[in-house]
Amino acid sequence: MKYSFSAALRDALIATVMTAIVVTPIFSLHLERAGVRTVIAPDWSMTGWACLAIFVVQMLKPLLAGKLPRLNLPAVPQMKSGTRNVVIFVVLMMAASWPFFAGRNAVDIATLAMIYVMLGLGLNVVVGFAGLLDLGFVGFYAVGAYTYALLFHWAGWTFWEALPLAGAASALFGFVLGFPVLRLRGDYLAIVTLGFGEIIRLLLVNLTSFTGGPDGISSIPKPSVLGLPMTRTPLTEDGTTFHQFFGMEFNSMHMVIALYLMALLLAMVTLFISNRLIRMPIGRAWEALREDEIACRSLGLNPMKIKLSAFTLGAMFAGFGGAFFAARQGIVNPESFTFIESALILAIVVLGGMGSQLGVIVAAIILTVLPELAREFSEYRMLIFGLVMILMMIWRPQGLLPMKRHQVEVKS
């Protein structure tokens with residue numbers, strides 16, 4: 001292809017102007033106090049460097065087209081069943097023993113990562129396996145969290161008593177949502193699910209007498225271990241705490257480790273169930289629906305039942321994650337369940353590879369841990385996050401660890 005200077009210059013100028021429009025409000029216009037007034041103190045250095053970089057890249061892009069190397073990440077090696085089981089066992093043992101040697105902050109971050117692993121695996125059922133774009137997944141997450149909070153607040157239920165009902169309540173909401181979207185697909189499906197997530201959040205804000213409104217519900221207890229609370233003092237006069245029962249000194253780190261192990265257990269249960277489901281006929285039906293709904297219908301499959309099953313099971317996993325989130329935080333409010341959370345969970349599925357369970361786990365850990373390690377760039381977190389996703393779509397659209405599909409080639 002012949003290099004056209006005028007075309008390259010035109011594209012570079014357009015890209016530079018767009019860069020200036022996006023970058024200027026974020027990096028160049030700062031508010032400062034001048035006595036009793038607030039004034040704008042512009043700093044054009046960052047905008048200038050960004051525009052210069054974009055202009056140079058756009059001018060060189062036609063010359064380098066087709067010459068840049070593709071981002072080829074190593075594929076996951078194929079292992080025999082016995083070897084794979086040994087590797088899984090070793091990884092589990094390392095994950096279970098790691099918090100006993102790590103610091104408090106690291107274990108707390110890992111617990112949050114396990115919650116996002118649960119959510120990513122749940123959304124992977126809907127988006128990755130069934131091919132249904134869901135932008136309101138955080139609504140099911142909120143239902144699970146508020147189910148446990150309300151059951152404790154109004155009925156005094158413990159975490160382990162409320163956990164199954166939290167999953168069931170979210171599954172019910174997923175089943176109900178499935179009916180309005182039975183005939184929708186693509187962008188229309190995404191809009192409806194986005195609206196559902198916002199409806200849930202607004203209901204939580206406005207039902208003040210029931211959900212606490214914007215303040216939410218606080219003083220939610222942590223899960224017990226073997227029926228024993230991990231508190232400094234017993235909850236009742238004749239009760240016994242965890243450290244008293246085992247004759248140990250009280251240490252707040254014990255609760256942090258216990259929460260991590262519970263989150264790891266729930267994440268492994270979610271992985272086991274979803275892995276079994278995709279090997280069953282319902283999993284094959286999800287894949288058929290994802291590839292071609294018309295062909296799926298022509299094979300005698302019922303798309304209505306397939307969509308309902310995907311929404312219901314994905315929502316159930318989100319409910320479990322929401323209940324554990326409420327127990328870990330000790331407080332829930334509507335601000336924890338905004339659209340940004342849905343976008344983050346969807347990004348985990350896309351970044352890891354749609355339909356790839358190992359990819360979702362790796363992406364959930366990466367997107368949870370990296371922002372905590374780079375807190376000095378917290379102001380630019382979403383900007384960096386968006387840039388990474390754009391680069392992934394260009395060089396690795398199938399995700400970090402794409403799902404390997406079985407295929408048969410007929411030699412001619």
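**Notes on a predicted model**

1. Let's start in a loop. Ser219 sits in the stretch between helix H8 (208-211) and helix H9 (242-245). Have a look at its backbone: phi is near 60°, which is a positive value in a residue other than glycine. Is Ser219 buried or exposed? It is exposed, because its relative accessible area is 59% and the cut-off for exposed is over 50%.

2. Before you go further, keep in mind that this is a predicted model, so check the confidence as you read. The average pLDDT of the protein is 83, and 90% of the residues score at least 70. Which elements mark the two ends of the range? Strand S1 (residues 29-34) has the lowest mean pLDDT, at 73, while helix H5 (residues 137-155) has the highest, at 92.

3. Now for H5 itself. This helix has 19 residues, and from its first C-alpha to its last it reaches 27 Å. That is close to the 27 Å expected at 1.5 Å a residue. How many of the residues of H5 are buried? The count is 15 of 19, so you can call the helix mostly covered. Just past the end of H5 comes Gly156, with a positive phi of about 75°.

4. Next, try a pair of helices. Helix H4 (residues 104-129) packs against helix H11 (residues 281-291) at an angle of about 50°, and their axes are 8 Å apart. Why is H4 called oblique to H11? The angle of about 50° is neither under 35 degrees nor in the 65 to 115 range, so it counts as oblique.

5. Zoom in on where those two helices touch. On the H4 side you'll find Val125, Gly128 and Phe129, and they meet Trp286, Glu287 and Arg290 of H11. Sorted by type, the residues of this contact are three nonpolar, one polar and two charged. If you wonder where Gly128 goes, it is on the polar side of the sorting, because Gly counts as polar here.

6. Finally, find Cys296 in helix H12 (residues 293-298). Its relative accessible area is 1%, so Cys296 is buried; the cut-off for that is under 20%. Which residues is Cys296 in contact with, leaving aside its neighbours within four places in sequence? They are Ala288, Leu289, Leu301 and Ile306. You've already met Trp286 in the contact with H4. Trp286 and Cys296 are 10 residues apart along the chain, and their C-alpha atoms are separated by 9.3 Å.

Conventions:
Residues are numbered from 1 along each chain as its sequence is written. This is a predicted model: local features need pLDDT of at least 70, side-chain atom pairs count only at pLDDT 80 or more; totals for chains, interfaces and linings use all residues. Side-chain values use heavy atoms; hydrogens and water are left out. pLDDT is the predictor's confidence in each residue, from 0 to 100. Helices (H or I, at least four residues) and strands (E, at least two) are DSSP runs, numbered from the N terminus. The expected span of a helix is 1.5 Å times one less than its number of residues. Buried means under 20% relative accessible area, exposed over 50%, partly exposed in between (1.4 Å probe, protein chains only). Contact means heavy atoms within 4.5 Å. Axes are lines fitted to C-alpha atoms, for helices over the stretch in contact, and angles run from 0 to 180 degrees between N-to-C directions.
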